[in-house]
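Visitor: I would like to take a close look at one part of this protein, and I would be glad of a careful, connected explanation.

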Amino acid sequence: MPRTSFLRLNLPPNHQLRQFSPSAVKRLLLEPNWLRLALRLRGSVIPAILPEVLFCVAFGVLISAADIYIVNLHWPVLGSLIPSIVLGLLLVFRTNTAYERFWEGRRQWGNIINASRNLTRLMWTAIDEQTAADRQGKIKAVNLVGAFAIATKQHLRHETFVELQPFLAPHEYQELQSVQNVPLRIALWIESYLHQQHRCGQLSLYQLTYMDELLVLLVDALGSCERILKTPIPLAYAIHLKQLLLLYCLLLPFQLVDDLGWLTGPMVGLIAFTLFGVEEIGIEIENPFGRDLNDLPLDAICITMQQNIHDLISTPAPHQSSLDDVVIPHDHDHYSS
């Protein structure tokens, strides 16, 4: 955005730009977060692309020296070998594809959050407590919903499941050590608990059906995240794009050296920074489930879900007699169709 546009966006209504004093303009330019963000290294792709950029700068300086002291290396015809519009379209496609994967991952985790909240809320209010053992069983089942989210996070990261230990009995935790898909096993435990409560008369058929639907949403979201994780960008495409970027940046000095001289190296470095930076952004966000700063904040999401479950458990469950109409979300025709 041009600087004048930024200033106008920060003006009060019907306020003229000429009424700004020099100190006010200076304050707007130096204090906003956008300037600190533009100069920030942590979370940027600069460390990842710095070797390529420095290599292109050094190559540009070498071409400048050879052109000045040895032989004329100004070959503008090389600019037609890789059309800029072709390279730009490839980069746009690469970045858009990566962002679609990032956004799909965020959408699926949003589904996990919403389905978990609805499922735990209905479990806590719909299932009656006759004894202290019933309450402890319900608390354990509600915690299993939060454990499903943690297990999904660690499953997508290919990490060990140590975080699950506080939510499971020793024999359950030991059982998970030999399970290939831990979140799926936890979903099976939740479903077994719900069907057990239905057999005991604590859940009606309609309540059980709707809770099963929410559990299906959780498993579907898990499958969608696995699809993103196990379907990377084709390697041949990534290699070809990297080769074209490198070739384009290495041909630039021959086109610019006659006009820029010793400034050829810095200019090539600036262009390489732009191109390699866009490509690296796509690489970082194409797998949104890792621990990089640009990945999804899965740890924070799971902590929030655990806090929500803790707040739910600390709330006394209403009496069962007042819940029959509340927890039935659909009419009979919906399930018979």
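Visitor: Please start from a single side chain and then follow the charged pairs and their surroundings: is Lys242 buried, partly exposed or exposed?

Guide: Please keep in mind throughout that this is a predicted model. Lys242 has a relative accessibility of 28%, and therefore counts as partly exposed. Its partner is Glu52, with which Lys242 forms a salt bridge whose closest N and O atoms are 3.9 Å apart. The cut-off for such a bridge is a side-chain nitrogen of Lys or Arg within 4 Å of a carboxyl oxygen of Asp or Glu, and the pair meets it at 3.9 Å. Because Glu52 belongs to helix α4 (residues 46-69) and Lys242 to helix α10 (residues 235-260), the bridge ties together parts that are 190 residues apart in sequence. Glu52, at 24% relative accessibility, likewise counts as partly exposed.

This bridge is one of 14 salt bridges that the structure holds. As a general background, side chains of opposite charge can pair when their charged atoms come close.

Another of these pairs joins Glu286 to Arg94, with 3.1 Å between the closest N and O atoms. Here too distant parts of the chain are linked, since Glu286 sits in the loop between α11 and α12 (298-313) while Arg94 sits in helix α5 (residues 84-126), 192 residues apart. Glu286 has a relative accessibility of 16% and so counts as buried, and Arg94, with a value of 4%, counts as buried as well.

A further pair is made by Glu163 and Lys153, whose side chains meet in a salt bridge with an N to O distance of 3.1 Å. Glu163 is placed in the loop between α6 and α7 (170-176), whereas Lys153 is in helix α6, and the two are 10 residues apart. Glu163, at 34% relative accessibility, counts as partly exposed, while Lys153, at 1%, counts as buried. Both also take part in a network of salt bridges that links Lys153, Arg157, Glu159, Glu163, Arg291 and Asp299.

The loop between α6 and α7 also holds His158, which is not a glycine and yet has a positive phi of about 60°. Most residues other than glycine have a negative phi. His158 has a relative accessibility of 66%, so this residue counts as exposed.

If we return to helix α5, we find Leu91 there, and Leu91 counts as buried because its relative accessibility is 6%. Leu91 and Glu279 are 188 residues apart in sequence, but their C-alpha atoms are 6.5 Å apart in space. When residues up to four places away in sequence are not counted, Leu91 touches Leu241, Leu245, Leu275, Val278 and Glu279.

A charged residue without a bridge makes a useful contrast. Asp212, in helix α9 (residues 205-230), is buried yet has no salt bridge, and the nearest side chain of opposite charge, that of Arg199, is 10.0 Å away. Leaving aside neighbours within four places in sequence, Asp212 is in contact with Glu191, Leu194 and His195.

Let us finish with the pockets. The largest pocket has a volume of about 280 Å³, and of the 12 residues that line it, Gly43, Ser44, Val45, Ile46 and Ile281 are the closest to its centre. Helices α3 (33-38) and α11 (264-285) each supply at least two residues of this lining, and α11 gives the largest share, namely four residues. By type, the lining of the largest pocket divides into seven nonpolar residues, four polar and one charged.

The second largest pocket has a volume of about 160 Å³, and among the residues that line it are Asp128, Glu129, Tyr193 and Cys200. The elements that give two or more residues to the lining of this second largest pocket are α6 (132-157) and α8 (182-199), with the largest share, four residues, coming from α6. The lining of the second largest pocket divides into four nonpolar, four polar and four charged residues.

Note on methods: Residues are numbered from 1 along each chain as its sequence is written. This is a predicted model: local features need pLDDT of at least 70, side-chain atom pairs count only at pLDDT 80 or more; totals for chains, interfaces and linings use all residues. Side-chain values use heavy atoms; hydrogens and water are left out. Buried means under 20% relative accessible area, exposed over 50%, partly exposed in between (1.4 Å probe, protein chains only). Lys and Arg count as positive and Asp and Glu as negative; His and the chain ends are not counted. Contact means heavy atoms within 4.5 Å. On a 1 Å grid over the protein atoms alone, a cavity is a set of points where a 1.4 Å probe fits but cannot get out, and a pocket is an open set with protein on both sides within 12 Å along at least five of seven lines; lining residues have an atom within 4 Å of a point. Grid points are joined across faces, edges and corners, and a volume is the space filled by probe spheres set on the points. Ala, Val, Leu, Ile, Met, Phe, Trp, Tyr, Cys and Pro count as nonpolar, Asp, Glu, Lys and Arg as charged, and the others, Gly among them, as polar.
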